[in-house]
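Reader: Before I rely on any of the labels attached to this chain, I would like to hear the reasoning behind them. Could you take me through it step by step?

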Amino acid sequence: MKNSMSPDLPGSVYFFGTCLMDAVYPDAGMAAIRLLQSLGANVIFPPDQSCCGQPAYNSGFIEEARAVARKQIQVFSQPYPIVVPSGSCAGMMKHHYPALFAGREEEAAAHRFAGRVYELFEYLVTVLNATFEDRGDPVTVTWHSSCHALREMKVVQYAKDLIGQLKNVTLVELARETECCGFGGTFAVKQPAISAAMVKDKVADIRQTGASTLLAGDCGCLMNITGAMDHEGVAIDGKHLAEFIWERTNGR
């Protein structure tokens, strides 16, 4: 995910790649970048970026999380918007970085950083006024809302607005959309039995929609749910919404 364009061009944005997108879903990351570029954004991917610090933060390792956050503040130093293809990572950076540095010399910088953070679909809709022309065949999909996108960032409607632009896509809502999929980052490791029961309920809800594709905006949830569906032999595809939109619109 490198960009050779000058960072001084108008409409420059930073792209925060997230750990799971970089390691597991690189095609979704490239699709997100291409969507931004197709709408006129000059996308900058700082190669020294790393994790947002949420795993350490949620596990109680505050000093370690602070060190990671400090690094991101340094790396994303120019006053460009920071676009994040994950409600979870965006929530950490926007809502928890200021608290990590409260009363410290970096507090003002943390607040400035947080003020530039946008979840991807939020940025596409509210800043770039994205409109897309669907070129795909008719398909029925369902949508999983991650906990952070739904409750912390409150950006789920932007994703649904974009899905609604795709004329050949029928969205069937989940009956239990507001329930967690059971991933929760380190929660899935610390409480595997509870996590497994939660994702089993989520898969059952997905199956009852009759959809052939599950869409999500967080790679952690996507990895957890598709892994469970594969384990159960459920033949439903799972995709990050950025990749789905790019494939159906060919960048339009």
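Author: Let us begin with the word buried, which is used here for a residue with under 20% relative accessible area, and with the salt bridge, which needs a side-chain nitrogen of Lys or Arg within 4 Å of a carboxyl oxygen of Asp or Glu. Please keep in mind throughout that this is a predicted model.

Reader: What is the nearest side chain of opposite charge to Glu-243, and how far away is it?

Author: That side chain is Lys-239, at 5.2 Å, and Glu-243 is buried yet has no salt bridge. The cut-off for such a bridge is 4 Å. Glu-243 belongs to helix α13, which covers residues 241-249, and, leaving aside residues up to four places away in sequence, Glu-243 touches Asp-27, Ala-28 and Ala-31.

Reader: What makes the chain as compact as a globular protein of that length?

Author: The chain contains 13 helices and eight strands. Its radius of gyration is 18 Å, and the globule rule gives 18 Å for 252 residues, so the chain is as compact as a globular protein of that length. Along the principal axes, the C-alpha trace spans about 55 × 45 × 25 Å, and 50% of the 252 residues count as buried. Among contacts with a separation of 6 or more, 78% are accounted for by residues 24 or more positions apart.

Reader: How much area does the chain expose, and what share do carbon and sulfur atoms supply?

Author: The chain exposes about 11,200 Å², and carbon and sulfur atoms supply 52% of that area. As for charge, there are 22 positive and 27 negative side chains, with the centres of the two sets lying 2 Å apart.

Reader: How do you know that Glu-173 and Lys-160 meet in a salt bridge?

Author: Side chains of opposite charge can pair when their charged atoms come close. Here the N to O distance between Glu-173 and Lys-160 is 2.9 Å, and the limit is 4 Å, so the pair qualifies as one of the nine salt bridges that the structure holds. This pair links distant parts of the chain, with Glu-173 in the loop between β6 (169-171) and α10 (187-190) and Lys-160 in helix α9 (residues 156-164), 13 residues apart.

Reader: Why is Lys-160 called buried, and why does Glu-173 count as partly exposed?

Author: Lys-160 has a relative accessible area of 15%, and buried means under 20%, so the label applies. Glu-173 stands at 39% relative accessibility, and partly exposed is the class between 20% and 50%, so that residue falls there.

Reader: Which other residue forms a salt bridge with Lys-160?

Author: Lys-160 also pairs with Glu-177, the closest N and O atoms being 2.9 Å apart. Again distant parts of the chain are linked, since Lys-160 sits in helix α9 and Glu-177 in the loop between β6 and α10, 17 residues apart. Glu-177 has a relative accessible area of 13%, and is therefore buried.

Reader: What makes Arg-176 and Glu-179 a salt bridge, and which residues are joined into one network?

Author: The side chains of Arg-176 and Glu-179 meet at 2.8 Å, N to O, which is to be set against the limit of 4 Å. Arg-176, at 37% relative accessible area, is partly exposed, and Glu-179, at 33%, counts as partly exposed. Elsewhere, salt bridges that share partners join Glu-63, Arg-66 and Arg-104 into one network.

Reader: Why does Thr-18 count as buried, whereas Lys-154 counts as exposed?

Author: Thr-18 has 8% relative accessibility, and the limit for buried is under 20%, so it is buried. Lys-154 has 61%, and exposed means over 50%, so that label follows. Thr-18 lies in the loop between β1 (12-15) and α1 (19-23), with phi near 70°, a positive value in a residue other than glycine. Lys-154 lies in the loop between α8 (147-152) and α9, and its phi, near 55°, is likewise a positive value in a residue other than glycine.

Reader: Why is Ala-65 called buried, and which residues does Ala-65 touch?

Author: The relative accessible area of Ala-65 is 0%, so Ala-65 is buried. Ala-65 lies in helix α4 (residues 62-75) and touches Gly-53, Ala-56, Tyr-57 and Leu-100, not counting residues up to four places away in sequence.

Conventions: Residues numbered from 1 in each chain as written. Predicted model: local features only at pLDDT ≥ 70, side-chain atom pairs only at ≥ 80, totals over all residues. Heavy atoms only, no water. Helix = DSSP H or I, 4+ residues; strand = E, 2+ residues; numbered from the N terminus. Rg over C-alpha atoms; globule rule 2.2 N^0.38 Å. Buried < 20%, exposed > 50% of the residue type's maximum accessible area, 1.4 Å probe, protein only. Contact = heavy atoms within 4.5 Å. Areas by Shrake-Rupley, 256 points an atom, 1.4 Å probe, with all protein chains shown as cover. Lys, Arg positive; Asp, Glu negative; His and termini not counted. Charge placed at Lys NZ, Arg CZ, Asp CG, Glu CD.
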